[in-house]
Each structure stands twice: as structure tokens, then as C-alpha cells.
Amino acid sequence: MLSACGSDKTGGESKDTLSAIKKRGKLVVGVKYDTNLFGYKDPSSGKVEGFDIDIAKALAKKIFGDEKKLELKEVTSKTRVQMLKNGDIDAIIATMTITEDRKKEVNFSDVYFKAGQSLLVKKGSKIQGIDDVKKGTKVLAVKGSTSVQNIKDKSPDAQVLEFENYAEAFTALKAGKGDALTTDNSILYGMADQDSNYQLVGQPFTDEPYGIALNKGDDKFTKYVNKFLKELKDSGEYDKIKSRWIKEQ
């Protein structure tokens with residue numbers, strides 16, 4: 001368990017997270033390994049790369065002056081909050097949508113990326129938008145993501161099949177186990193980039209603002225991270241990172 005953690009129940013800081021990170025000599029961040037363009041582990045090289053990874057590197061550079069003083073730990077939508085609470089990681093940078101329910105469990109930074117839920121289908125599909133998702137339509141989604149409830153709200157008659165991670169869900173779509181895969185358009189861009197037989201259809205039907213998740217009540221470190229994000233955007237470095245990875249379809 002890491003030494004950097006959040007606050008006590010009275011609202012006071014039980015530890016200074018930034019000092020604890022510096023003392024340890026590295027920042028430990030929870031990222032996804034299965035989300036192309038954001039956090040993806042290349043099976044051939046073993047390298048983890050993407051937009052979220054570059055944001056984590058920039059935060060490590062802000063803290064230490066060296067982006068290499070960073071340890072990445074794999075998280076999924078299902079495991080990430082518990083790993084943060086357990087002290088296994090200092091922060092979550094993993095396509096995590098800011099919601100009121102999640103705010104009860106974690107602190108969020110300011111928004112660092114704006115996405116929207118969309119649909120990925122095989123080219124030639126009759127599904128061309130959310131209005132085409134009806135009774136009998138099989139939609140694939142990932143456990144623990146906001147996408148599951150959103151699609152149930154938007155298309156209550158559709159059959160929703162849930163998978164452990166995005167790689168499994170995309171494999172299932174390619175195997176014909178569903179008619180469409182739904183999650184944030186930012187994540188779907190990565191899938192379409194991997195296989196040109198698939199495309200995003202229709203307009204996004206939700207707003208998905210991503211935040212960096214930190215321990216609940218750790219307001220001091222949250223302010224530090226918000227200052228870091230502002231500096232990253234003001235310097236132009238944020239735009240460089242974004243253009244490196246995200247190419248709108």
C-alpha cells in the first residue's frame with residue numbers, strides 16, 4: 001500500500017499527498033491498458049501509450065521535473081475507485097467521467113477532456129444512430145462504466161450485454177455477438193482506428209466530462225492537480241498532447 005493517501009473523517013488532511021509522493025520518489029497512476037489512444041498496452045512492445053498516459057507523464061514532470069518518475073498500474077472501470085481507496089495508486093487518469101455519484105467516493109480535478117457517448121457498428125449496419133437501437137438490438141458495453149445505465153435509459157428495450165473491459169467488448173462485436181458497442185466516442189475512435197471495418201454512427205447522446213480522480217477529501221492535492229492542468233493548457237502543451245492522439249472522425 002502506498003504512503004500517499006487522503007483525509008481523515010473530520011475533513012482535515014491526514015497526510016500531505018504531494019510530500020508523500022516526493023518522498024517515495026515516484027508518482028503512481030491508475031490507467032487503462034485496453035483503451036486505444038488513451039491508455040493502451042502494445043502486446044508486442046509492452047509499452048503503455050495514449051492521451052491519458054501523456055497527461056500522467058506531464059504530471060510526473062510537474063512534480064519531479066522528470067516524466068520517468070512515474071509508475072503506471074492497470075485499472076478498469078470496475079476496479080479503479082477501489083484501487084484508489086486502497087492506496088494502491090495516487091490518482092486515476094483513465095477516461096473517467098465526472099458524475100455526482102462518483103463525487104461521493106472521490107475528488108475530481110477540473111475537466112481535462114470532453115467526450116460524449118456514441119455507438120460503434122460494422123460498416124453497412126442498419127444502425128445509424130441511437131434512434132435505431134430498439135427492441136431486439138444487442139448492445140455491448142463495459143461493466144462499471146456510465147455507458148451501461150445511459151444506454152438503458154436511452155433505449156430501454158434494447159438488450160445490453162456487459163463485458164469486463166473494452167478489448168473483450170470489441171472482440172465480441174467483431175465476433176457478431178452484438179449489433180453495436182457503446183461507450184464514449186473518444187474510446188470508440190481508438191477501436192475504429194484499430195479496425196477500419198468499424199465506424200462511429202450518429203451524434204453523441206450524452207456529455208462525458210473526464211476528470212482526474214483523487215482521494216475523497218484530499219482538497220490540497222486536488223488544487224495542485226487543477227493548477228497543473230491550467231498550466232498545461234496555458235502553455236500549449238495540452239493541445240500538443242491532444243492532437244498527437246485524438247483525431248476526430
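Helix α7 spans residues 185–194 in this predicted model. The helix lies across three strands, β8 (117–122), β11 and β12. Relative to β11, α7 runs at about 130°.

The strands beneath this description belong to an open sheet. Five strands make up that sheet, in the order β10-β9-β11-β8-β12. Their pairing is mixed. The edges are formed by β10 (159–163) and β12 (198–201). Each of these edge strands pairs on one side only. From one strand to the next, the twist averages 35°. Strand β9 covers residues 138–142 and is joined to β11 by two bridges. β9 and β11 run parallel. Within this pair, Val139 has Ala180 of β11 as its bridge partner.

A further open sheet contains three strands. Their order is β2-β3-β4, and the pairing is antiparallel. The edge positions are taken by β2 (34–35) and β4 (48–49). Each has a single partner strand, so one side of each is left without a neighbour in the sheet. Strand β3, residues 39–41, is linked to β4 by two bridges. These two strands run antiparallel. Tyr40 stands opposite Glu49, a residue of β4.

Cavities were also examined. Three cavities of 30 Å³ or more are present in the structure. The largest holds about 60 Å³ of space. Its lining comprises Lys32, Ser77, Arg80, Thr95, Thr97, Arg102, Ser145, Thr146, Ser147, Tyr166, Thr183 and Asp184. Two or more of the lining residues come from each of α5 (146–154) and β11 (180–184). By class, the lining of the largest cavity divides into seven polar residues, four charged and one nonpolar. Strand β11 thus recurs in the description: it gives residues to this lining, it pairs with β9, and α7 lies across it.

Confidence was assessed along the chain. The average pLDDT is 92. A score of at least 70 is reached by 93% of the residues. Residues 5–14 form a stretch where the pLDDT is below 50. In the model, this stretch has 20 contacts beyond near neighbours in sequence. Where pLDDT is low, predicted coordinates should not be read in detail.

Key:
Residues are numbered from 1 along each chain as its sequence is written. This is a predicted model: local features need pLDDT of at least 70, side-chain atom pairs count only at pLDDT 80 or more; totals for chains, interfaces and linings use all residues. Side-chain values use heavy atoms; hydrogens and water are left out. On a 1 Å grid over the protein atoms alone, a cavity is a set of points where a 1.4 Å probe fits but cannot get out, and a pocket is an open set with protein on both sides within 12 Å along at least five of seven lines; lining residues have an atom within 4 Å of a point. Grid points are joined across faces, edges and corners, and a volume is the space filled by probe spheres set on the points. Helices (H or I, at least four residues) and strands (E, at least two) are DSSP runs, numbered from the N terminus. Ala, Val, Leu, Ile, Met, Phe, Trp, Tyr, Cys and Pro count as nonpolar, Asp, Glu, Lys and Arg as charged, and the others, Gly among them, as polar. pLDDT is the predictor's confidence in each residue, from 0 to 100. Contact means heavy atoms within 4.5 Å. Two strands pair if DSSP finds at least two bridges between them. Axes are lines fitted to C-alpha atoms, for helices over the stretch in contact, and angles run from 0 to 180 degrees between N-to-C directions.
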